[in-house]
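Student: I have a structure to read and do not know how to begin. Could you take me through some of its features?

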Amino acid sequence: MGLILLVPVVYLVVALGAIQGQALGVETGARQLARTIAGSPDAATADARAERVLAAISEEYGLDRGDVTVDVACGGAATTCPEAGATLSVTVRTSVTLPLVPALLGLDRLARVPVEATAVQKVSRFWGTTP
């Protein structure tokens with residue numbers, strides 16, 4: 001009887017551990033990307049820095065870069081995104097495949113848990129000026 005109860009409990013622990021690891025990764029990614037973009041002096045620098053940050057976060061937390069999507073939006077009356085003084089919102093999304101689910105008949109694509117995190121940061125008032 002103990003073995004029958006132990007197997008599902010162990011699977012639940014492993015699955016929740018995988019989901020929590022990915023959740024920490026997207027949370028860190030959203031926060032660091034928002035800070036990086038908001039503190040950059042211009043769009044070209046922001047893009048280059050954001051790519052390096054996303055690559056580092058993906059490697060650190062084991063995120064699959066093909067499954068990660070990043071959305072950047074500005075709130076308020078911003079005409080361009082980002083612009084000086086605007087409120088920047090960065091959302092990072094991915095999905096976690098549950099462990100031990102076979103690829104048979106596409107079950108691995110169905111047994112996925114979506115994970116999402118959003119971070120908000122005020123853009124530097126020096127945005128668009130040369131350092």
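Student: Where is P41 found?

Tutor: This is a predicted model, and in it P41 is found in the loop between α1 and α2.

Student: Is P41 buried or exposed?

Tutor: The general idea is a cut-off: a residue counts as buried when its relative accessible area is under 20%. P41 counts as buried because its relative accessibility is 16%.

Student: How far is P41 from G128?

Tutor: Along the chain, P41 and G128 are 87 residues apart. In space, their C-alpha atoms are separated by 5.4 Å.

Student: How much confidence does the predictor have in the chain?

Tutor: The general idea is that where pLDDT is low, the predicted coordinates should not be read in detail. Here the protein chain averages a pLDDT of 88, and 96% of the residues score at least 70. Among the elements, strand β3 (residues 112-122) has the highest mean pLDDT, 94, and helix α3 (residues 107-110) the lowest, 79.

Student: Next, helix α2. What span does α2 have, and what span is expected?

Tutor: A helix can be checked against an expected rise of 1.5 Å a residue. With 19 residues, α2 reaches 26 Å from its first C-alpha to its last, close to the expected 27 Å.

Student: Which residues of α2 are buried?

Tutor: The buried residues are A46, A50, V53, L54, I57 and S58. Seen down the axis of α2, they fall within an arc of 130°, so they line one face of the helix. The face turned away from this buried side carries the exposed residues A44, R52 and E59.

Student: How should I read a salt bridge?

Tutor: Side chains of opposite charge can pair when their charged atoms come close. The cut-off used is a nitrogen of Lys or Arg within 4 Å of a carboxyl oxygen of Asp or Glu. By this rule the count comes to five salt bridges.

Student: Which residue forms a salt bridge with E51?

Tutor: E51 forms a salt bridge with R65, and their closest N and O atoms are 3.1 Å apart. E51 lies in helix α2 (residues 43-61) and R65 in the loop between α2 and β1, so the pair ties together parts that are 14 residues apart in sequence. Both ends are partly exposed: E51 has a relative accessible area of 46%, and R65 has 36%.

Student: Which residue forms a salt bridge with D71?

Tutor: D71 pairs with R93, with the closest N and O atoms 2.3 Å apart. This pair links distant parts of the chain, as D71 is in strand β1 and R93 in strand β2 (residues 87-97), 22 residues apart. D71 counts as partly exposed at 39% relative accessibility, and R93 counts as partly exposed at 31%.

Student: What other side chain does R93 meet in a salt bridge?

Tutor: R93 also meets E116, at 3.0 Å from N to O. R93 is in strand β2 and E116 in strand β3, 23 residues apart, and the pair links distant parts of the chain. Salt bridges that share partners join D71, R93 and E116 into one network.

Student: Last, which residues make the nonpolar surface patch?

Tutor: L3, L6, V7, V10 and V14 make a nonpolar surface patch of about 470 Å². One of them, V10, lies in helix α1 (residues 2-39). V10 counts as partly exposed because its relative accessibility is 44%.

Conventions
Residues numbered from 1 in each chain as written. Predicted model: local features only at pLDDT ≥ 70, side-chain atom pairs only at ≥ 80, totals over all residues. Heavy atoms only, no water. Patch = residues over 30% accessible without salt bridge, like charges linked within 9 Å, V, L, I, M, F, W, Y side chains within 5 Å. Areas by Shrake-Rupley, 256 points an atom, 1.4 Å probe, with all protein chains shown as cover. Salt bridge = Lys/Arg side-chain N within 4 Å of Asp/Glu carboxyl O. Helix = DSSP H or I, 4+ residues; strand = E, 2+ residues; numbered from the N terminus. Buried < 20%, exposed > 50% of the residue type's maximum accessible area, 1.4 Å probe, protein only. pLDDT = per-residue confidence, 0-100. Expected span 1.5 Å × (residues − 1). Arc of directions from axis to C-beta.
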